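Me: Hi! I have a structure open here and would like to talk through a few local details. Can you help?

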Amino acid sequence: MNPVDYLRISLIDRCNFRCQYCMPNGDELQYILQQNLLSREELLTLVREVFVPLGFCRFRLTGGEPLLRPDVVEIARDLAAIPETQDLAMTTNGFLLADKAEALYNAGLKRVNISLDSLDSDKFDKIIGNRGRSRWKQTWEGIQKAYEVGFDPLKINVVVMPGINDEEVLDLAALTIDRSWHVRFIEFMPIGNAALFDRDGWIPSEVLRQRIRQQWGLEAASITGAGPADIFQIPGAKGTLGFISQMSECFCDRCNRMRLSADGWLRPCLLNETSQIDLRSALRQGISTEDLRDKVRHLLDIKATINFKDRDNGTDTGAYTRTMSQIGG
Ligand code: SAM
Ligand code: SF4
């Protein structure tokens, strides 16, 4: 078992996009009330006094869309300043990144993953559920700005959906030939929008690798902070290709992470809702940080028994109450 030392922190559940694969069609989401979001101070207390003493040293800011949080730069600065922090990263849709990239970098954020599911602006808008002026260009500018500012590695996340963007896999992979970008293809997961999953299914990473191999060849490679991705490279390319295959290959045994929602629920597994704990209420009730640590320690102790595979033995109902935008990916 890997040590669990990586915390994904959702800063806000709201988003300025409405990606088909992430949010359900039609129904309005119930957003967390402002007063129920963890404040910057509460978050810092939890990280410094609960998570760090338990060995967490790698943090990722996510959402919803983390750049919608007005104090995102200050939060990044707070977390970067903790002496035990070994790695601080963010996952963003990039739409607001051009304006914030420099301040975030100067605050101590050094790695960023940006979602970009299409190079075609019309298709992009369709995927993100945008009906107004196209949002592709501003997102692309956000990526360029992050690159200029020095984020390294700069990763592009692509959720591959059959019949929607899978035809673009070669074009997206080609971005890595002349740029030291890292494009990661993520298997679509049946969470958030089950209708899309039922209709079209998902494409195994190996099918994508075969397409890329046929075009250019493909060799094994490595990269810092690869997480659950299997890393490859087009021969001679400056960047790499990552494949996150949670549907075709179970990597629960390698899992090193927990997830903290914007309202303070600690979740031991992305796809299993059992055993979550409400740290915000506990903190606001005045429970000591020692006692909070004990609760989290207990969750760490049982984490290995709580995973995606539980769906098969009936201990998880599979009825996910939170969408991906609420969990943070
Ligand atoms: N808004 C930010 C973004 O889009 O990058 C951060 C939050 S988003 C929930 C985090 C990651 O989850 C993104 O890379 C997104 O592509 C991924 N994601 C969302 N829904 C997914 C799904 N159903 N299957 C696989 N990945 C998904
Ligand atoms: Fe928003 Fe990210 Fe979900 Fe898209 S994937 S709806 S950008 S949270």
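**Loops, strands and rings**

Reply: Happy to. This is a predicted model, and a good place to begin is Gly64, which is in the loop between strand E2 (58–62) and helix H2 (72–80). A cis peptide bond joins Gly63 and Gly64, with omega about 20 degrees.

Me: And what about the peptide bond from Asp152 to Pro153, cis or trans?

Reply: That one is cis, with omega near 0 degrees. Pro153 is found in the loop between helix H5 (136–149) and strand E5 (154–160).

Me: Let's switch to strand E10. Which way do its residues point?

Reply: E10 covers residues 257–260; Arg257 and Arg259 point one way, Met258 and Leu260 the other way.

Me: Are they buried or exposed?

Reply: All are buried, the two arginines included.

Me: Which strands does E10 pair with?

Reply: Strand E1 (residues 6–10) pairs with E10 in the parallel sense over 4 bridges, and Tyr6 stands opposite Arg257 there. Strand E11 (residues 265–267) runs antiparallel to E10, joined by 2 bridges, with Leu260 opposite Leu266.

Me: What does Gly264 do in the hairpin of E10 and E11?

Reply: Gly264 takes a positive phi near 90 degrees, in a hairpin with 4 residues between the strands.

Me: On to aromatics. How many aromatic pairs are there?

Reply: The count comes to 9. One of them is Phe17 with Phe95, a tilted pair at 5.7 Å centre to centre and 55 degrees between the planes.

Me: What does that pair tie together?

Reply: Phe17 lies in the loop between E1 and helix H1 (40–51), and Phe95 in the loop between strand E3 (87–92) and helix H3 (97–107), so the pair ties together parts that are 78 residues apart in sequence. Phe17 is buried at 4% relative accessible area, and Phe95 is buried too, at 12%.

Me: Why is the pair of Tyr147 and Trp181 edge-to-face?

Reply: Because the planes stand at 90 degrees, and over 60 counts as edge-to-face; the ring centres are 5.6 Å apart. Tyr147 lies in helix H5 and Trp181 in strand E6 (residues 181–187), so this pair links parts 34 residues apart in sequence.

Me: How accessible are these two?

Reply: Tyr147 is partly exposed at 33% relative accessibility, while Trp181 is buried at 0%. Both belong to one aromatic cluster with Trp136 and Trp140.

Me: Last one: which charges sit over rings?

Reply: Lys110 lies over the face of Tyr105, 4.0 Å from the ring centre. The charged end of Arg209 sits over the ring of Phe243, at 5.1 Å from its centre.

Conventions. Residues numbered from 1 in each chain as written. Chains lettered and ligands numbered in written order. Predicted model: local features only at pLDDT ≥ 70, side-chain atom pairs only at ≥ 80, totals over all residues. Heavy atoms only, no water. Buried < 20%, exposed > 50% of the residue type's maximum accessible area, 1.4 Å probe, protein only. Pairing = 2+ DSSP bridges. Phe/Tyr/Trp six-rings, centres within 6.5 Å; stacked < 30°, edge-to-face > 60°. Lys NZ or Arg CZ within 6 Å of the ring centre and 35° of its normal.
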